[in-house]
Amino acid sequence: MSNSIEPESAVIGVLSEAVSAVPGQLLKALHRALRESIVGGRLTAGLRLPSTRVLAAALGVSRNTAIALYDLLASEGYVVARGKGGTSVADALPRVRKRAAIAAGEAVAPKGPWLRSAWFAPAAPAKVITAAPAVALKHDFTVGVPEIAPLPFAVLRRLTGRALREAERSAAEYGAPQGLPRMRAAIASHVSATRAVACAPEDVIVTQGAQQAFDLLARVLVASGQTAVAIEDPGYPPLRSAFMGAGARLAPIAVDDEGLVVDRIPAGSHIVCVTPSHQFPRGVTLSAERRRQLMDLAHDTPAVVIEDDYDSEFRFGRRPLDALKTLDREGRVFYVGTFSKSLYPALRLGYIVAPRWALGALAAAKQAADWHSCTLTQAAVAAFIEEGHLLRHARRMQAIYRGRREALVAAVERHLGAAAEALPGEAGLHMAIRLKGRCASPRQIALRAIEQGVRVETLARYAVTPREVAPRDDALLFGYGRIEAAQMDDAIRRLSRCLG
């Protein structure tokens with residue numbers, strides 16, 4: 001197009017279709033249309049644009065919209081305002097590195113080694129949270145979520161109100177990064193009573209859930225590009241993300257029916273991350289022999305162990321094996337716990353029981369991250385523990401989860417029979433079931449189950465390299481925090497239609 005063509009007809013023709021944009025998106029649509037025409041050469045350099053008054057009248061928009069359109073393009077360098085000479089297409093356009101992305105209105109990420117490239121790679125660790133399915137769910141076996149209906153919210157409201165009244169009478173101030181002394185004392189008492197982890201309040205760091213505990217440990221323990229971290233495979237993706245983000249060199253280690261295969265941990269590993277009480281996601285317990293091997297490894301080398309004890313309050317079989325932290329005599333184990341499973345995920349309260357040599361560094365990292373966790377929540381939960389409500393609630397929930405687990409096992413035996421095999425496990429809020437015979441793959445079954453109104457997960461989605469998981473090592477995962485015992489039979493009956 002040459003400059004002899006009337007600017008009104010050229011520009012108005014370009015923008016006519018954009019006027020029908022969704023309300024609230026008009027300026028964005030006009031901007032995209034005019035910019036694409038300039039970048040694509042349809043409107044050439046030096047072409048004088050119609051005045052904002054003429055443009056507004058021709059398109060049927062407000063003059064303020066026309067002014068905003070020109071101002072936005074001028075700020076980006078696509079047009080030039082020349083005073084009484086009007087507004088024209090710029091002679092020299094901004095440098096365009098990715099025309100398709102620019103035309104779509106998308107930002108283009110800068111390049112350079114100063115970006116943590118792993119976060120921007122397509123293969124970045126997958127999130128555990130899944131999107132809501134298009135089909136309405138009747139039964140939900142999502143892993144990792146607790147039942148909250150029996151939680152004594154009235155008690156929590158009372159204790160939160162008390163904490164708020166106490167805060168009202170106090171001077172405004174920041175809290176200690178390690179956490180409220182009262183909260184740390186309550187945690188120390190709780191883990192000593194329930195998991196035989198002998199510790200003092202000063203050994204505890206209060207965190208925003210277990211996830212921040214992993215993040216702080218990664219900040220303190222990992223030297224980017226140098227620290228080798230052994231992780232369970234399959235395992236917990238958010239933990240992998242925390243250590244990947246810190247620049248650790250991750251070494252996936254297989255998990256079998258006895259838990260982490262300790263003798264496969266590479267020589268020179270600096271950190272070992274493990275879920276010994278209820279392996280996530282297989283559900284198995286780390287055997288006594290493997291525990292001994294792992295503690296020998298930690299004591300004979302410079303390695304440390306991060307023990308994630310995420311749902312150990314709920315156990316349905318024999319007496320639980322001691323926590324690794326209980327066996328630690330040389331300050332090599334970091335014990336991570338959370339109230340997300342025993343109470344309520346949105347509380348965002350977790351903790352680290354750390355060796356004394358690391359407490360100062362963790363407190364400094366916590367202060368740099370967010371200074372401290374919410375003191376009102378800490379005060380309320382500390383009182384909840386002190387008054388015995390947590391232990392009573394945990395006992396109540398253990399009975400509920402035991403009933404759901406037994407109903408699930410019975411339904412699997414009834415409807416799946418010899419085609420199903422439960423993986424060993426006696427604790428927690430989920431269990432894994434391997435399918436045998438000529439069944440469809442677990443992934444195919446999970447996709448078909450959605451059509452039956454049932455959400456179920458697969459073991460493979462938690463693997464570091466899911467495509468490499470052999471069929472015999474894959475399984476279906478059944479969380480029973482969102483499904484009642486009375487629903488189990490119908491849920492597994494529906495699932496049986498999906499085996500193929």
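**Group meeting: a walk through the model**

Hi everyone, let's start with a loop: Pro281 sits in the loop between β8 and α11. The bond leading into this proline is worth a look, since Phe280 and Pro281 are joined by a cis peptide bond, with omega about 10°. Before I go on, please keep in mind that this is a predicted model.

There is another cis bond to show you. The peptide bond from Asp233 to Pro234 is cis as well, with omega near 5°, and Pro234 is placed in the loop between β5 and α10. As background, most peptide bonds are trans, and most residues other than glycine have a negative phi. On the phi side, have a look at Ala196, which is not a glycine and yet has a positive phi, near 55°. You will find Ala196 in the loop between α8 (181–195) and β4.

Now, the strands on either side of those loops. In what order do the eight strands of the open sheet run? Reading across, the order is β4-β11-β10-β9-β8-β5-β6-β7, and the pairing is mixed. The edges are taken by β4 (204–207) and β7 (259–260); each has a single partner strand, so one side of each has no neighbour in the sheet. Further in, strand β5 (residues 228–233) runs parallel to strand β8 (residues 271–274), and two bridges join them. If you want a spot to click on, Val229 stands opposite Ile271 in β8.

Helices pack on this sheet too. Helix α11 (residues 288–300) lies across β6 (249–256), β7, β8, β9 (304–308) and β10 (333–338), and runs at about 155° to β8. Helix α13 (residues 356–370) also packs on the sheet, where it touches β4, β9, β10 and β11 (350–353), and its direction makes about 20° with that of β4.

For those of you who like rings, the structure holds eleven aromatic pairs. One of them is Phe214 with Tyr236, an edge-to-face pair with 6.4 Å centre to centre and 65° between the planes. This pair links distant parts of the chain, 22 residues apart: Phe214 belongs to helix α9 (residues 209–221), while Tyr236 lies in the loop between β5 and α10 (237–245).

Let's go back towards the start of the chain. How do helix α2 and helix α4 pack? Helix α2 (residues 26–39) and helix α4 (residues 63–76) meet at an angle of about 50°, with their axes 10 Å apart. Angles that are neither roughly parallel, roughly antiparallel nor roughly perpendicular count as oblique, and α2 and α4 are therefore oblique to each other. Their crossing is right-handed. On the α2 side, the contact is made by Leu26, Leu27, Leu30, His31, Leu34 and Arg35; α4 brings Thr65, Ala68, Leu69, Tyr70, Leu72, Leu73 and Glu76. Sorted by type, the residues of this contact are nine nonpolar, two polar and two charged.

One more sheet and then I'm done. An open sheet of four strands has the order β12-β13-β16-β15, with antiparallel pairing. Here β12 (420–422) and β15 (457–458) are at the edges with a single partner strand each, so one side of each is left without a neighbour in the sheet. Strand β13 (residues 430–435) and strand β16 (residues 476–479) run antiparallel and are joined by four bridges. Within that pairing, Ala432 stands opposite Leu477 in β16.

Thanks for listening!

Methods: Residues are numbered from 1 along each chain as its sequence is written. This is a predicted model: local features need pLDDT of at least 70, side-chain atom pairs count only at pLDDT 80 or more; totals for chains, interfaces and linings use all residues. Side-chain values use heavy atoms; hydrogens and water are left out. Axes are lines fitted to C-alpha atoms, for helices over the stretch in contact, and angles run from 0 to 180 degrees between N-to-C directions. Angles under 35 degrees count as roughly parallel, over 145 as roughly antiparallel, 65 to 115 as roughly perpendicular and the rest as oblique. A crossing is left-handed if the near helix is turned anticlockwise from the far one by less than a right angle, and right-handed if clockwise. Contact means heavy atoms within 4.5 Å. Ala, Val, Leu, Ile, Met, Phe, Trp, Tyr, Cys and Pro count as nonpolar, Asp, Glu, Lys and Arg as charged, and the others, Gly among them, as polar. Two strands pair if DSSP finds at least two bridges between them. Rings of Phe, Tyr and Trp (its six-membered ring) pair if their centres lie within 6.5 Å; planes under 30 degrees apart count as stacked, over 60 as edge-to-face and the rest as tilted.
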